Amino acid sequence: MDFAGIAPRAIVTQSARTQVAIPFRWRLVTVAKRYVGSSMRMATEEAGHGRLILFSPVFLGAGAATWFLAASDFPAVSLGLCLLVLLIAVALCGYARTKLQATLLALLLFAGGMLSAQIETWRAKTLILDSAVTTTVTGRIERREGDGQGRWRYILDVTGTDAPEIKRPPERISVLVRGAAQPFELGDVIEGRARLTPPAGPALSHLNDFAFSAYFDGIGANGFFYGVPKRVAEQPERSNSVGEAILESLYRLRSGIGDRIRSTLPGDTGAFAASLVTDERRAISDETTEALRQSGLAHIIAISGLNMALSAGIFFVGLRVILSLFPGIAQAWPTKKIAAAGALAAVTAYYLISGFAVSAERAFIMMAIMLVAVFFDRPSISLRNVALSTLVILAVSPSEGLGPSFQMSFAATLALVAGYDLWKGRPMRENAFAKLPIMKPFFMVGGFFGGVFLTSLIGGFSTALFSIEHFHRLTAYGLPANLAAMPVITFIVMPAGMLAMLLMPFGLDGWLWPVAGFGLDLVITIAKAVAGWGGNIDVGRLPGWYFPTAVFGFLLLTLLRTRLRHMGTAIVAVSTLAVVLLPSEAMPDIAISEDGSLVAIVDGEAMASNREKPPAFIFEQWQRALAVEEHQKPVMLQAAKAPTAPDGQRLQLSPDQQNEAREAMRQAVAISPPSRFSCLKGAWCTTLLVNGKKLTVIDNAAYLGPACDTADIVVTPVRLRFDRCRSGALLFTGETLRKTGSVELRFTDKGIEVATAFDTLGRPWMRHRAYDWRSNTFADANLSPVSDSGE
């Protein structure tokens, strides 16, 4: 065979392949270089437009969040030295090295955020009650708020406790009073028997820790009075500072305004109106509150950017129109700046009577910056104003950065202003049809509703991420609800309410509140109608990496102006797709509350609990976080009756009674459905799990022996001195749960996986869990005694 003609063709073919391959590689390199070069040019353009300044609150907030989420405090001296070194480095860097200077400034802001978090923690110094107790409380009323059912919630400055005297009494508590004919006045000193409990921790791991917010709010305990407390006849003398006196007078004014509105407008209408003015929301019924939440209208009852913007806008436009009616004034004076000054005074008064909520604080700072910008002929609506207001809030109260109120209001404002910038920069096209006189009204109405539509759409999408993270659900019909309700709020409720507030000092506001009430009745009707459609989407708890990743993408999307912002869109989309497609974290098989009184078995479709009526505060958080709605109640054993102890004595079971309890537990397991509790009221609940293990919950320590002998897992709210069963059964007591918080159990091939809400108790808002009142010390050796704890 002649191979002479084959070899040259093979060589040519190989050569041709080589010639094709080399240009293809170079094309890839060229494309990559162009992409990198384009990205660098866009980054330079972003810096040239000052967009890097917009990220300053991001770095400040990231530093504060790092400090709050750390397992222990960072040394304050080290933070101060780090901040000093970075300040010197920035000063020596100069303006020529822009990239190095930007990096150093970012590090400086990050360290500053950590130090501001440390300073706020020192400033709070809230002493939190260590464990639940019933005691006689004496305290001075600082604030009050009614709930519309004859109950009043009071914030008390505690002056004393008795029977027993608490060794570590909280300085300020929140207590509920039922059945009082008339509410107590601010400044009254009251005394009564009360049940006090520490602020609740996370219902499950990675959920909201209410003790964190209570610590920075200065509330050391929650509770209620048994019966109506009595007013102390001889009021102890107290010297208030000027600041305290002003604050008390503001709270008196706020309470009086709320009472006047509710006396003029009855029921939910008056409570709704009062919430828009004073931010007192407890008086709104649960039914209406839930309807507003399900319809996506709950943001209306919070004093936030919407309320402040409408108040400032109505006052600004109204005052400017009035001034324009006088040609002499309009020609001789800057009416725009005068109107801005009047609007600034109006929103300042609004903020002072609003209760100083973080949403109102953020909105006030934002509106103040916007109105002050008018004085200097600067743009009012800009991302720089948003960044400046955020910097102020994070510098003063960095703990608010971790709360849903701040995050959702900031996200909505940021998205709306960024959307406004894009809309303002769009290419304009003349529409001759719109210039026709007969068409102008239609275009005006269409423009208004189009603006409401875009505002609701942007606001809904921007807050969806934070709603999923904090509340584990989405509202499906928030857009149509807002489209229907916002015109009513804009044209009826807020103008009538503002005019009523202006006339209230003269007693001429009575005829205006029914007008505002008519609008609020329409809003409530809309909310209930939309809530009746259903549509709440339970998302459940998402992986821990998703939220920070999606927030990073959201910030890129809203803070950048070039095509680089689409990187943010890609990050949000890819991370969301990954959550949807990738396997999710296994759900817990058993959930245990932090006090051990509530236990639930989770099977993915339902939760079987040991309570016929579980506490809604905890159980509803479980349902949302685990996306499980169905509740399977326990089977109550009617034939048996639990032994009782003589009054004032602890129940002790005889050997025969213990044997009867063991036999009753075994029989209950044998006859009951799997993973469904069978309970003897006031004594115990037991069940057989699908994996063959037995779970028993006991309400009385007398049943500990029979429970340990018959079960593999035992839970009791009783604070026992030991944490082990002699039989080897896994034991969770009130004492161990107090230190670990709520517990999740997962059954794996390797055994039982235990996840706790707390891994350490080294942070100030957790330290009360490690306190032992008997020895007056903390159980953790790293924590100092009370006298030296700094609390």
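Is G553 buried or exposed? Select this residue in the viewer, remembering that what you have open is a predicted model, and you will find that G553 has a relative accessibility of 0% and therefore counts as buried.

**Stop 1: around G553**

Keep G553 selected and colour helix 18, because by its residue number and its DSSP run this is the helix in which G553 lies. Next add V572, which is 19 residues away from G553 in sequence, although the two C-alpha atoms are 5.4 Å apart in space. If you set aside the neighbours within four places in sequence, the residues in contact with G553 are G568, I571 and V572.

**Stop 2: the nonpolar cores**

Helix 18 (546-559) also leads to the next stop, since it is one of the helices that each supply at least two residues to the largest nonpolar core. That core has 49 residues, and M308, L414, L465 and L555 are those with the most contacts inside it. To see where its residues come from, show helix 9 (305-324), helix 11 (335-352), helix 12 (358-375), helix 13 (383-396), helix 14 (404-424) and helix 15 (440-471) together with helix 18, each of which gives at least two residues. Helix 12 gives the most, with 10 residues. Now select A273, V277, L297 and A481, which are among the 39 residues of a second, separate core.

**Stop 3: aromatic pairs**

Go back to helix 14 and select F406 and F410, which both lie in this helix, four residues apart, or about one turn of the helix. Both of these residues are buried, and their rings form a stacked pair, with 5.8 Å from centre to centre and 5° between the planes.

Then move to F210 and F617, whose rings form a tilted pair, 5.0 Å centre to centre and with 50° between the planes. F210 lies in helix 5 (residues 210-217) and F617 in helix 20 (residues 616-626), so this pair ties together parts that are 407 residues apart in sequence. Both residues are partly exposed: the relative accessible area is 25% for F210 and 44% for F617.

In the whole model the count comes to 21 aromatic pairs. For a group of rings, select W67, F68, F212, Y215, F216 and W765, which ring pairs link into a cluster.

**Stop 4: charges over rings**

Select R168 and Y771 together, and look for the charged end of R168, which sits over the ring of Y771 at 4.7 Å from its centre. A second example is R178, whose charged end sits over the ring of F224, 5.2 Å from the ring centre.

**Stop 5: strand 2 and its partners**

Select strand 2 (residues 152-162), which is mostly covered, as eight of its 11 residues are buried. On adding strand 1 (residues 133-146), you can follow an antiparallel pairing with strand 2 over 10 bridges, in which R153 of strand 2 is the bridge partner of E145. Strand 3 (residues 172-177) also pairs with strand 2 in the antiparallel sense, over six bridges, and here I155 stands opposite S174 of strand 3.

**Stop 6: the sheet under helix 20**

Return to helix 20, which lies across strand 9, strand 10 (599-602), strand 11 (606-609) and strand 12, running at about 155° to strand 11. These strands belong to an open sheet of six strands in the order 12-11-10-9-19-20, with mixed pairing. Strand 12 (630-632) and strand 20 (751-756) are at the edges, each with a single partner strand, so one side of each has no neighbour in the sheet. From one strand to the next, the twist averages 25°. Within the sheet, strand 9 (residues 590-592) and strand 19 (residues 743-748) pair in the antiparallel sense over three bridges, and the bridge partner of I592 in strand 19 is V743.

**Stop 7: another open sheet**

Finally, select strands 13 to 18, six strands that form an open sheet in the order 13-14-15-16-17-18, again with mixed pairing. Its edge strands are strand 13 (635-636) and strand 18 (730-732), each of which pairs on one side only. Strand 13 pairs with strand 14 (residues 678-680) in the parallel sense over two bridges, and M636 stands opposite C679 of strand 14. To finish, show helix 21 (residues 655-671), which lies across strand 14, strand 15 (684-688) and strand 16 (694-698) and runs at about 45° to strand 15.

Conventions:
Residues are numbered from 1 along each chain as its sequence is written. This is a predicted model: local features need pLDDT of at least 70, side-chain atom pairs count only at pLDDT 80 or more; totals for chains, interfaces and linings use all residues. Side-chain values use heavy atoms; hydrogens and water are left out. Two strands pair if DSSP finds at least two bridges between them. Contact means heavy atoms within 4.5 Å. Axes are lines fitted to C-alpha atoms, for helices over the stretch in contact, and angles run from 0 to 180 degrees between N-to-C directions. A nonpolar core is a set of buried Ala, Val, Leu, Ile, Met, Phe, Trp, Tyr and Cys residues joined through side-chain atoms within 4.5 Å. Buried means under 20% relative accessible area, exposed over 50%, partly exposed in between (1.4 Å probe, protein chains only). Rings of Phe, Tyr and Trp (its six-membered ring) pair if their centres lie within 6.5 Å; planes under 30 degrees apart count as stacked, over 60 as edge-to-face and the rest as tilted. A charge sits over a ring if NZ of Lys or CZ of Arg is within 6 Å of the ring centre and within 35 degrees of the ring normal.
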